[in-house]
Amino acid sequence: IALKPLDIVTTAGAMGDIAGALQTLPGTQTVGEDGRLFVRGGDGHETKVFIDGLLAHSPFNASVPGIPTRGRFSPFLFKGTTFNTGGYSAEYGQALSSALLLNTNDLADQTQTDISLMTVGGNVSHQHRWDNSSVWAEGGYTDLTAYQWAVPQDVRWNTAPQAWNGSAAYRQKTSATGMIKAYAQASRSQLAVHQPDVEQLPNTNLVSLKNNNLNANVSFQEALGKKWVWHTGVSYTYDEQQITIDKSLIRQQQQSVHAKSVGTYDLNANVAIRLGAEYFQDQYDWETLTFENTNSTNLSLLDQRATQFIEADAYLTKRLVSRVGLRTEYAKLTNTWQASPRLSLAYKTGKDSQVSLAYGTFNQSPRTDYRLVNSDLADEQATHYIANYQITQTGRTFRAEV
């Protein structure tokens with residue numbers, strides 16, 4: 001499923017949120033108290049977000065249980081959004097249910113400055129265009145206090161959600177076919193809410209959250225001769241959460257790195273081969289502190305993974321196309337190998353319609369809070385069998401899938 005930025009911001013009820021718009025599509029479920037992407041009953045952490053092919057480790061704003069969240073990224077940062085609800089390419093891993101692929105804009109169209117003012121905050125942005133490069137920067141502040149006052153809430157807020165954020169992007173065209181892209185976003189947010197104390201109802205606990213986040217990635221793409229296209233990049237995420245529940249403090253910190261290199265070779269007019277390698281590193285630190293007796297618990301985890309994949313796209317006939325791939329992955333923490341075959345077929349039944357079949361096995365590391373207690377846990381696994389029919393005419397798309 002491919003969407004343009006305007007498709008997302010004009011989806012009723014989405015309020016400009018990428019995940020909110022995608023929740024209207026088949027295969028997804030709306031989980032009102034969460035806000036993340038849930039696909040076919042899978043948990044929100046089973047859907048992964050990739051920006052220019054690189055994993056974004058914390059794509060949603062931090063929140064507490066029962067309070068829905070939003071994505072960190074504006075849809076206007078991207079020229080295209082592709083949402084795979086299963087059976088996706090061997091190029092993407094560590095996603096059990098689905099993969100959301102976001103491709104950022106190329107060079108800015110023109111030099112301009114924008115200012116946006118709202119009752120709940122505002123932001124200012126500026127982009128500057130040169131012949132072969134462009135730069136963009138944005139800063140903003142949001143405070144939902146006025147909204148919580150104007151719209152009656154069943155939630156008892158002590159501090160309504162507040163956030164500062166800043167973003168910057170740089171684009172440099174290195175040749176007729178090459179481009180460097182760099183992007184970074186930093187944010188700081190907080191909220192405090194009274195939540196039911198399930199052990200002493202109708203009492204409540206004051207739960208407060210402070211979050212510091214940094215997402216950054218750099219990618220480079222270039223055509224090497226007439227047959228090869230090379231794409232490489234690295235992403236970094238820092239995320240820190242401090243959660244206070246009455247007399248206890250939980251501090252969570254994550255630092256993640258994803259490095260990737262992919263080569264695509266056009267064997268002939270009908271066959272293209274894609275192969276690549278990736279490296280993942282995740283450092284987790286968890287600290288729980290009880291103020292009454294100053295007792296603390298400290299847990300940490302270092303997860304390193306190396307992956308390789310190869311995939312071939314082939315036009316078997318003018319109407320029939322196939323994709324066959326294999327992904328292998330080594331996890332240093334558990335000293336285990338995984339092999340994941342992928343297969344898909346698509347047949348064009350008419351000018352605007354097609355039928356497709358997909359099969360694949362997928363794996364993903366368990367949730368961090370589980371692995372901090374037991375680092376020997378094996379990966380979660382899933383097998384996808386998908387049949388799909390889609391027709392697109394005059395701006396309308398009908399899609400049926402099982």
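**Salt bridges in a predicted model**

R367 is partly exposed, with a relative accessible area of 33%. The structure is a predicted model. D369 is also partly exposed, at a relative accessible area of 27%. Because buried means under 20% relative accessible area, neither value falls in that class: 33% for R367 and 27% for D369. The side chains of these two residues, D369 and R367, form a salt bridge with an N to O distance of 2.9 Å.

Salt bridges that share partners also join a set of residues into one network, made up of E278, D303, R305, R327, E329, R371 and D379. The count for the model comes to 20 salt bridges, taking a side-chain nitrogen of Lys or Arg within 4 Å of a carboxyl oxygen of Asp or Glu.

R274 takes part in a salt bridge with E91, where the N to O distance is 3.6 Å. R274 lies in strand β16 (residues 271-290), while E91 sits in the loop between β6 (78-84) and β7 (98-104), so the contact ties together parts that are 183 residues apart in sequence. Both R274 and E91 are buried.

The side chain of R274 also meets that of E311 in a salt bridge, at 2.7 Å from N to O. Here the link runs between distant parts of the chain, from strand β16, which holds R274, to strand β17 (residues 295-315), which holds E311; the two residues are 37 apart. Both E311 and R274 are buried. R274 is thus a partner of E91 and of E311.

Methods
Residues numbered from 1 in each chain as written. Predicted model: local features only at pLDDT ≥ 70, side-chain atom pairs only at ≥ 80, totals over all residues. Heavy atoms only, no water. Helix = DSSP H or I, 4+ residues; strand = E, 2+ residues; numbered from the N terminus. Buried < 20%, exposed > 50% of the residue type's maximum accessible area, 1.4 Å probe, protein only.
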